[in-house]
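Me: I am new to this structure and would like to learn how to read it, step by step. Could you take me through its features in a careful order?

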Amino acid sequence: RIVYVNGQFLPRAHASVSIEDRGYQFSDGVYEVCLFLNGKPLDFHLHMDRLDRSLAALSINPPMGRGAFKVVMDQMMRRNRLRDATIYLQITRGVARRDHAFPAFPPAPAIVMAAQRFNVAALREKQKAGVAVISTPDLRWKRCDIKTVSLLGNVLAKQAAREAGALEGWMVDAQGFVTEGSSSTAWIVDQQGRLRTRRLAKDILPGITRHVVGDIAANAQIAPVEEPFTIAEAQSAKEAFIASTTSSVTPVTQIDGVPVGDGTPGPVTRDLIDRHWRHVLRETGY
Ligand code: PMP
């Protein structure tokens with residue numbers, strides 16, 4: 001496996017970063033996960049726009065331009081002989097003597113990329129069968145809109161889900177409303193048949209798939225309503241699903257052990273899955 005570290009392509013075993021990297025010591029950095037299918041990126045510019053916003057929020061200067069990112073990612077795909085893969089891209093503030101405040105003289109940001117084969121067939125199976133989610137308290141900080149590598153709240157939510165035999169943890173805020181999944185956006189088709197997801201604010205990540213699915217749904221005359229929902233509302237909803245780069249639209253058929261609808265993927269979700277795949281096809285030719 002070939003990875004990219006600070007300007008170099010190296011075998012993974014030979015790649016290293018400093019123990020004084022601020023990403024390691026303070027989670028002082030941001031990341032993106034881009035999906036490549038058929039060797040082509042999905043929603044590349046939307047991911048790069050969000051990366052720019054994440055970097056700006058932390059006052060880290062973009063270490064390279066968008067064109068350069070694309071070149072390095074294409075190289076990663078080629079050097080690893082991958083056609084369907086996710087590319088993890090992480091940028092941290094860089095290496096400095098340990099001190100919480102930003103270094104007075106900004107170090108060069110550290111860039112790391114790693115690619116991982118993506119199993120499209122496995123995703124298709126999940127989309128057909130649906131997945132279970134559990135609820136778990138949202139323990140995260142107050143700037144979840146920034147895609148930082150500070151993910152302990154998300155890690156604990158996903159671990160709780162795994163231990164319960166579920167695929168995703170839906171995090172619940174102090175008012176009892178679902179914020180989002182540990183690595184996906186939460187959606188329902190409520191009892192009135194409205195497609196519903198939480199509004200964008202500092203308490204959730206502006207998901208790329210959320211944005212794309214919102215557009216797709218609006219074009220299909222099922223414009224989403226941006227209104228939060230509780231676990232009880234989701235359990236008694238007609239349908240529920242998650243959306244993310246790696247799960248596309250995946251039906252949620254069980255929440256805390258309670259079946260959603262008749263416990264199988266519903267018609268609105270299945271329609272959105274088809275429409276989203278058509279979008280993927282247009283973008284990547286997959
Ligand atoms: N919310 C969180 C907390 C996430 O980590 C992710 C995955 N990056 C998402 C939502 C989905 O975002 P996207 O569609 O951009 O993958």
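**Reading the fold**

Reply: A good place to begin is the secondary structure, and here the protein chain holds eight helices and 15 strands. Please keep in mind throughout that this is a predicted model.

Me: What radius of gyration does the protein chain have, and what would a compact globule with 286 residues have?

Reply: The idea is to set the value beside the one expected from chain length: a compact globule with 286 residues would have a radius of gyration near 19 Å, and because the protein chain has 19 Å, the two agree. Along its principal axes, the C-alpha trace spans about 55 × 40 × 35 Å. Buried residues make up 40% of the 286 residues, and among the contacts with a separation of 6 or more, 72% are between residues 24 or more positions apart.

Me: Into which domains is the protein chain divided?

Reply: The chain is divided into domain 1, covering 2-118, and domain 2, covering 123-284. The centres of these two domains, taken over C-alpha atoms, are separated by 26 Å.

Me: How many residues does each domain bring to the contact?

Reply: In general, the size of an interface is often given as the accessible area lost when the parts come together. Here we can look at residues instead, and the contact takes 21 from domain 1 and 14 from domain 2. On the side of domain 1 that touches domain 2, β3 (29-37), α2 (44-57) and β5 (85-92) each supply at least two residues, with the largest share, seven residues, coming from β3. By class, that side of domain 1 divides into nine nonpolar, eight polar and four charged residues.

Me: Which residues are closest to the ligand?

Reply: The ligand is surrounded by 13 residues, of which the closest are G207, I208, T209, S244 and T245. Helix α6 (residues 208-219) gives the largest share of this shell, three residues. Sorted by class, the shell around the ligand has eight polar, three nonpolar and two charged residues.

Me: Let us end with a single residue: is V3 buried or exposed?

Reply: One counts the C-beta neighbours around the residue, and V3 has 20 of them inside 10 Å, so V3 counts as buried. V3 lies in strand β1 (residues 2-5) and, leaving aside its neighbours within four places in sequence, is in contact with L10, R12, A15, M113 and A114. By contrast, E233 is 230 residues from V3 along the chain, and the C-alpha atoms of V3 and E233 are separated by 44 Å.

Definitions and conventions. Residues numbered from 1 in each chain as written. Predicted model: local features only at pLDDT ≥ 70, side-chain atom pairs only at ≥ 80, totals over all residues. Near = placed C-beta within 6 Å. Helix = DSSP H or I, 4+ residues; strand = E, 2+ residues; numbered from the N terminus. Nonpolar A, V, L, I, M, F, W, Y, C, P; charged D, E, K, R; others polar. Domains from an automatic or database assignment. Contact = placed C-beta atoms within 7 Å. Rg over C-alpha atoms; globule rule 2.2 N^0.38 Å. Buried ≥ 20, exposed ≤ 12 C-beta atoms within 10 Å, placed from the backbone.
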